[in-house]
Amino acid sequence: MRVLQTIGGFGAKGGGTSTCTYDLLSAIHNIASDVCVDLLTPSVKDPSDKLMGDNEEWIKSVENDYVTPISYSRNMSKFLRDTDYDVYHTNGMWMHINHATCAEARKKGKPYVITPHGMLYPETLARSSWRKWPVRKLWFDRDIREASCMHATCEDEMMHLRNLGYRGPVALIGNPVQVPDYTAQMIDARQNGDHIIIGFLGRLHPRKKVENIFRGLALSSDKSVKAVIIGQGDEAYESFLHQEVELLHISDRVKFAGFLRGKEKFEELSRLSALFVPSDMENFGMIIPEALIVGTPVMASLGTPWEALNTVRCGWWRDNSPESIAAVIDELASLSSEERLLMGKRGREYVIQEYSANKVAQRMLALYQWLCGKTPQPEFVYTL
């Protein structure tokens, strides 16, 4: 079985979509060396960036020759024409390579999968709709309608796909979560005493609603609680956040740690009493399982698909108002260190059971085998 995944950009600075794709394909190659799953991507143009990974053979990088707002690429189109695979799978929407992958699969009579990565949520469709509407009518409505299968990372995304009118199969497979060996040691070494430190991790952008953490911090009854903000992003928004801290008179309780990655990121997460994710909307929210695997409970907004935080009892799934955040901070402060440790351990066990990279890779391979007619329909594929 030969599978080709495609992605419009695979730079290390590209964020969650690049990371999820790399983690999934790495896990597939780790557990199934007899299966060919390649990734077609353009080279990076930013000299300060580089492709994800370590020049693995399965990464088929072509020279970046993007032109026009939809990033038309003759080099990527030529690769698609000149090669042949059993299944095609594109990551993302709105770029030429996403449409070209679907069109080439149809031309060759092969099944194809689309992973929108949250790009078909109503909120996302509404942003720059003037640019998306024409290419939807020209290409993407058909690409979606005739897809052999759509891949949703959570039930919310599957619901949005149905509301959009898609009636074909939907594979419900969460994003893969890498669980480095050293994270187990971080669980054992957690210093979860009486001093409470809450945090945020991610790109700083207005829709992340980081200011609600500050406002909740100011409203909470425990004035000893501190906050750590991990990440960078929109400069204007970051400046606004600094101003908000000053206006709320909590500058002595807030630390901006900047961008962290790898082991350093996990170490900082493990020092938190809880991670707060007050975003208006998240498709999957990789930062949530990343915190859970180091034993850090999470408060996530109702705009995330993480009701499991309540049911598994490893955090809080609440609305993202400052008042709600303040209530969670007060509840967190009222817990004993032992209770917080138990919450963290339950969260780690849940992530390993449901979202470890190898488990997700097994499900994706099962999807490909079904699309090739080799196995019965998997239980995680939903049809109307």
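This report walks through some strands, helices and single residues of the structure above, which is a predicted model.

**A six-stranded sheet**

Let us begin with an open sheet of six strands, whose pairing is parallel. Going across the sheet, the order is β10-β9-β8-β11-β12-β13. The edge strands, each pairing on one side only, are β10 (254–258) and β13 (315–318). If you look from a strand to its neighbour, the average turn between them is 20°, with direction ignored.

It helps to look at one pair inside this sheet. Strand β8 covers residues 197–201 and β11 covers residues 274–277, and two bridges join these parallel strands. Find Gly-199 in your viewer, and you will see that Leu-275 in β11 stands opposite. As general background, strands of a sheet pair through backbone hydrogen bonds, in either a parallel or an antiparallel way.

**Strand β1 and its two partners**

Now move to the start of the chain, where strand β1 takes in residues 2–7. Five of its six residues are buried, so the rest of the structure largely encloses this strand. Strand β1 runs parallel to β2 (residues 36–42), and five bridges join the two. Five bridges also join β1 to β4 (residues 87–91), again in parallel. Thr-6 is a good residue to follow here: its bridge partner in β2 is Leu-40, and its bridge partner in β4 is Thr-90.

**Helix α9: two sides to compare**

Helix α9 is made of 13 residues, 235–247. From the first C-alpha to the last it reaches 18 Å, close to the 18 Å expected at 1.5 Å a residue.

Which residues of α9 are buried? They are Tyr-237, Leu-241, Glu-244 and Val-245. Viewed down the axis of α9, the buried residues fall within an arc of 100°, so they line one face of the helix. The cover over these buried residues includes α8 (211–219) and β10, so you meet again, as part of that cover, one of the edge strands of the sheet. On the other side of α9, the exposed residues are Glu-235, Ala-236, Glu-246 and Leu-247.

The two ends of this helix are worth a look too. At the start of α9, Asp-234 has a side-chain oxygen that comes to within 3.1 Å of the backbone nitrogen of Ala-236. Just after the helix, His-249 takes a positive phi of about 60°.

**Helix α13 and what surrounds it**

Helix α13 (residues 322–334) also has its length checked: at 1.5 Å a residue its 13 residues should span 18 Å, and the end C-alpha atoms are 18 Å apart, which agrees. Its buried residues are Pro-322, Ser-324, Ile-325, Ala-326, Val-328, Ile-329 and Leu-332. These pack against strands β8, β11, β12 (298–301) and β13, and against helices α8 and α14 (337–355).

Ser-334 lies in α13 as well. Its side chain has a polar atom 2.6 Å from the backbone oxygen of Glu-331. The C-alpha atom of Ser-334 is separated by 37 Å from that of Asp-23, and the two residues are 311 residues apart along the chain.

**Three residues, buried or exposed**

Residues count as buried under 20% relative accessible area and as exposed over 50%. The table applies this to three residues.

| Residue | Relative accessible area | State |
|---|---|---|
| Lys-265 | 13% | buried |
| Ser-334 | 55% | exposed |
| Asn-212 | 7% | buried |

Where does Lys-265 lie? You will find Lys-265 in helix α10 (residues 262–270). The side chain of Lys-265 makes a polar contact of 3.2 Å with the side chain of Glu-290. Setting aside residues up to four places away in sequence, Lys-265 touches Leu-201, Leu-260 and Glu-290.

Asn-212 belongs to helix α8. What does the side chain of Asn-212 reach at 2.6 Å? The answer is the backbone oxygen of Asn-320. Beyond its neighbours within four places in sequence, Asn-212 is in contact with Asn-320, Ser-321, Pro-322 and Ile-325. Pro-322 and Ile-325 are among the buried residues of α13, and α8 is one of the elements that those buried residues pack against.

Methods
Residues numbered from 1 in each chain as written. Predicted model: local features only at pLDDT ≥ 70, side-chain atom pairs only at ≥ 80, totals over all residues. Heavy atoms only, no water. Pairing = 2+ DSSP bridges. Helix = DSSP H or I, 4+ residues; strand = E, 2+ residues; numbered from the N terminus. Axes fitted to C-alpha atoms, helices over the stretch in contact; angles between N-to-C directions. Expected span 1.5 Å × (residues − 1). Buried < 20%, exposed > 50% of the residue type's maximum accessible area, 1.4 Å probe, protein only. Arc of directions from axis to C-beta. Contact = heavy atoms within 4.5 Å. Polar contact = N/O pair within 3.5 Å; in protein donor to acceptor, adjacent residues only side chain to side chain.
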